[in-house]
Amino acid sequence: MTLVRFAPSPTGRLHLGNAFIALVNSLFARKSGGRFLLRLDDTDRERSTAAFAAAIESDLAWLGIEWDEFARQSDRLDRYDAAIDRLKASGRLYACYETPEELALKRKAQLNAGRPPVYDRAALALGDADKAALEAKGIRPHWRFLLQGDDPRWADLVQGDSHIQIASMSDPVLVRADGVPLYTLASVMDDGEMAVTHIIRGADHLSNTGVQLQLFEALGFAAPAFAHLPLISDAEGQGLSKRIGSLSLESLRDSGLEPLSIASLLLRLGQGEPPEPCPDWPSLIEAFDIAKFGHATPRLSEDDLTAMNAKLLHALPYAAVADRLPEGADAALWEAVKGNIQRLSDIADWQRIVAGPVETPPPADSELLDKAAGLLPPDPWDASTWKAWTKAVQEATGRKGKALFLPLRLALTGREHGPELANLLPLIGRARVLDRLCRR
Ligand SMILES: Nc1ncnc2c1ncn2[C@@H]1O[C@H](COP(=O)(O)OP(=O)(O)OP(=O)(O)O)[C@@H](O)[C@H]1O
């Protein structure tokens, strides 16, 4: 069965780029009838916190993403120790004693000589006596993974046929001098033992894939399929990072955006489609197709999100929002004003305008308003009242178009723009309309 995973490090609040990856994984699982694993990659003890871990869960839940399985790497340290032992035993993990300063000097010398700064594997030449002498001086080794054999190749579900040139890579450090296993080792051990079938992640991980393919093999696991999605950037083309806090889900949620409009925009832009909203999760799943994801780097701004939010709200029926509307906002108000709001909270403005009192500019046109007041049809009012009334006012005053409608709109709502007055008029009601026309 398909098993995919989203594996963030709990080192900050999730941003839109992370949300994109989580969403694609979740939709991939749902579409294929598979399972979705949330795994917190929290081996970086200095930067990971329990508060960020909890925030990741609540941000994902808010976005509408549910996980079938949950794991955290800090619970699996014994498994990484077992992997380390296996790799040492097979000779794929070797001890290195260079200090960061020595390594920097080596790199500098290689660059000066016009060579790529690849680790020279000097540590492989150390004998047992050399190592014992270094350790007697209190130097503890870090451990590198020996890359070997052919260049790793894979058929990336997004990038197409891909490969990594081993010769241009340093043997990666998998275990720090303090014994802490690094991300690459922990992640391959998890993906292997948990039997992840597809690794779907950002293109920032492309260069890790070559190493990881070798590591899957060295640890005796079948390699999963890979898909590397383009990285999302902000409106200026800048990358996103949890550390900077740009376009965080938290800030987008606080600004009143609907999770579905965020998910729709991520999916549509990722698939290179016009930004049309999906009104619910089944339609997101229906619209999802991993084969449609391209290489272009989508740029996202808050304006794009606001525009998508407005489009989504305009299409939502009352039942989809009823439990989140302010008290007293009924189906008639929703249908009357939904086409004029960008965020759900904007409905409160129109609710206030309907109920009054409204701030209106000093009327420039009292003659027109007096006549209009005199021509108000009797109750009951419905959606046809506006047309009948303004037709009568037009016949009585000779006013038409903007010269007729703008003064009426201003007097009734205090705004130059807004929802169709045909829909608002019955909500405002005859008594308030009369009062607003005559107030001076
Ligand atoms: N801008 C982005 N666009 C698309 N995917 C991204 C982006 N940034 C990170 N990802 C993906 O999000 C997933 C979680 O990664 P990770 O927790 O390392 O996020 P990060 O934002 O890169 O973290 P940090 O800023 O803390 O280094 C990974 O699959 C990574 O590829």
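Let me begin with a pair of helices: the crossing of helix 6 and helix 7 is right-handed, and I should say at once that what we are looking at is a predicted model. Helix 6 covers residues 183–193 and helix 7 covers residues 206–218, and their axes, which come within 10 Å, cross at roughly 55°. Angles from 35 to 65 degrees fall outside the parallel and perpendicular classes, and helix 6 and helix 7 are therefore described as oblique to each other.

With that pair in view, let me step back to the whole chain. The chain is divided into three parts, where domain 1 is made of two segments, 3–78 and 182–233, while domain 2 runs over 87–175 and domain 3 over 366–438. If we take the centres over C-alpha atoms, domain 1 and domain 3 are separated by 59 Å. There is also an annotation to mention, since UniProt, in an unreviewed entry, places the feature "domain: Glutamyl/glutaminyl-tRNA synthetase class Ib catalytic" at residues 4–271. In the model, that span of residues 4–271 is 40% helix and 16% strand, and the C-alpha atoms at its two ends lie 19 Å apart.

Now to the ligand. Which residues are the closest to the ligand? They are Pro8, Gly17, Arg201, Gly202 and Ser241, out of 19 residues that surround the ligand. Two elements give two or more residues to this shell, namely helix 1, at 16–31, and strand 9, at 198–202. Helix 1 gives the most, with four residues. Sorted by class, the shell around the ligand holds nine polar residues, six nonpolar residues and four charged residues.

Let me move on to a second pair of helices. Helix 15, residues 366–374, packs with helix 19, residues 430–438, at an angle of about 155°, and their axes are 9 Å apart. Since an angle over 145 degrees counts as roughly antiparallel, helix 15 and helix 19 are therefore roughly antiparallel to each other. As for the hand, helix 15 passes helix 19 in a left-handed crossing.

Finally, a few details of the backbone, which I will take in turn. Where do we find cis peptide bonds? One joins Gly356 and Pro357, with omega of about -5°, and Pro357 is found in the loop between helix 14, at 347–355, and helix 15. Another joins Asp379 and Pro380, again with omega of about -5°, and Pro380 is found in the loop that runs between helix 15 and helix 16, the latter at 385–397. The last detail concerns Arg121, whose phi is near 60°, a positive value in a residue other than glycine. Arg121 is found in the loop between helix 4, at 100–112, and helix 5, at 128–136.

How values were computed:
Residues are numbered from 1 along each chain as its sequence is written. This is a predicted model: local features need pLDDT of at least 70, side-chain atom pairs count only at pLDDT 80 or more; totals for chains, interfaces and linings use all residues. Domain bounds come from an automatic or database domain assignment. UniProt positions are given in the numbering used here, feature names are shortened, and annotations may be inferred rather than shown by experiment. A residue is near a molecule or strand if its C-beta atom, placed from the backbone, lies within 6 Å of it. Ala, Val, Leu, Ile, Met, Phe, Trp, Tyr, Cys and Pro count as nonpolar, Asp, Glu, Lys and Arg as charged, and the others, Gly among them, as polar. Axes are lines fitted to C-alpha atoms, for helices over the stretch in contact, and angles run from 0 to 180 degrees between N-to-C directions. Angles under 35 degrees count as roughly parallel, over 145 as roughly antiparallel, 65 to 115 as roughly perpendicular and the rest as oblique. A crossing is left-handed if the near helix is turned anticlockwise from the far one by less than a right angle, and right-handed if clockwise.
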